[in-house]
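Reader: Hey, got a minute to walk me through this model? I'd like to start with the strands and then go wherever the questions lead.

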Amino acid sequence: MALVLADRVLETTTTAGSGTISLAGASVGYQGFSTGVGNGNQTYYAIVAQSGTEWEVGIGTYTSVGDTLSRDTVLSSSNSGSLVPFAAGT
């Protein structure tokens with residue numbers, strides 16, 4: 001497992017809660033985690049809810065089976081530096 005930094009990676013999700021994120025595919029004009037980061041690799045991530053009031057920045061691991069991103073280490077967040085229990089939405 002390597003720490004991979006990639007430009008122009010952007011995906012959406014409808015995952016709620018504070019667990020692993022199920023990715024919903026790359027946004028138009030961007031690449032997905034599968035192309036940019038690669039299976040089993042760690043990367044920095046930022047998650048921002050549509051409302052803009054819930055957010056989280058951390059280090060996670062991308063897994064191609066199921067197209068998921070685990071939230072391994074939270075660096076900062078709107079939840080006092082802890083995992084954010086995101087509400088339903090995109």
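Reader: How many bridges hold β3 and β4 together, and in which sense do they pair?

Author: β3 and β4 pair in the antiparallel sense over eight bridges. Strands here are DSSP runs of E with at least two residues, numbered from the N terminus, and two strands pair if DSSP finds at least two bridges between them. One bridge partner set is T63 with T68 in β4.

Reader: What's in the turn there?

Author: The hairpin of β3 and β4 has four residues between the strands, and G66 takes a positive phi near 90°.

Reader: Before I go on, what kind of model is this?

Author: It's a predicted model, where local features need pLDDT of at least 70 and side-chain atom pairs count only at pLDDT 80 or more, while totals for chains, interfaces and linings use all residues. Residues are numbered from 1 along each chain as its sequence is written, and side-chain values use heavy atoms, with hydrogens and water left out.

Reader: OK. What's the strand order in the sheet?

Author: The four strands run β1-β4-β3-β2 in an open sheet with antiparallel pairing. β1 (21-22) and β2 are the edge strands, each pairing on one side only.

Reader: And how many bridges does β1 make with β4?

Author: Two bridges, antiparallel, with β4 covering residues 68-77. I21 has L69 as its bridge partner in β4.

Reader: What about β2 and β3?

Author: Seven antiparallel bridges join β2 to β3 (residues 55-63), and Y45 stands opposite G58 in β3. Their hairpin has six residues between the strands, with G52 in the turn at a positive phi of about 85°.

Reader: Switching to S70: buried or exposed?

Author: S70, found in strand β4, counts as buried because its relative accessibility is 18%. The cut-offs are under 20% for buried, over 50% for exposed and partly exposed in between, using a 1.4 Å probe and protein chains only.

Reader: Which residues does S70 touch?

Author: Leaving aside neighbours within four places in sequence, S70 is in contact (heavy atoms within 4.5 Å) with T20, I59, G60 and T61.

Reader: Last topic, the largest pocket. Which strand gives the most to the lining?

Author: Strand β2 (residues 42-48) does, with six residues. The lining divides into 18 nonpolar, eight polar and two charged residues. Here Ala, Val, Leu, Ile, Met, Phe, Trp, Tyr, Cys and Pro count as nonpolar, Asp, Glu, Lys and Arg as charged, and the others, Gly among them, as polar.
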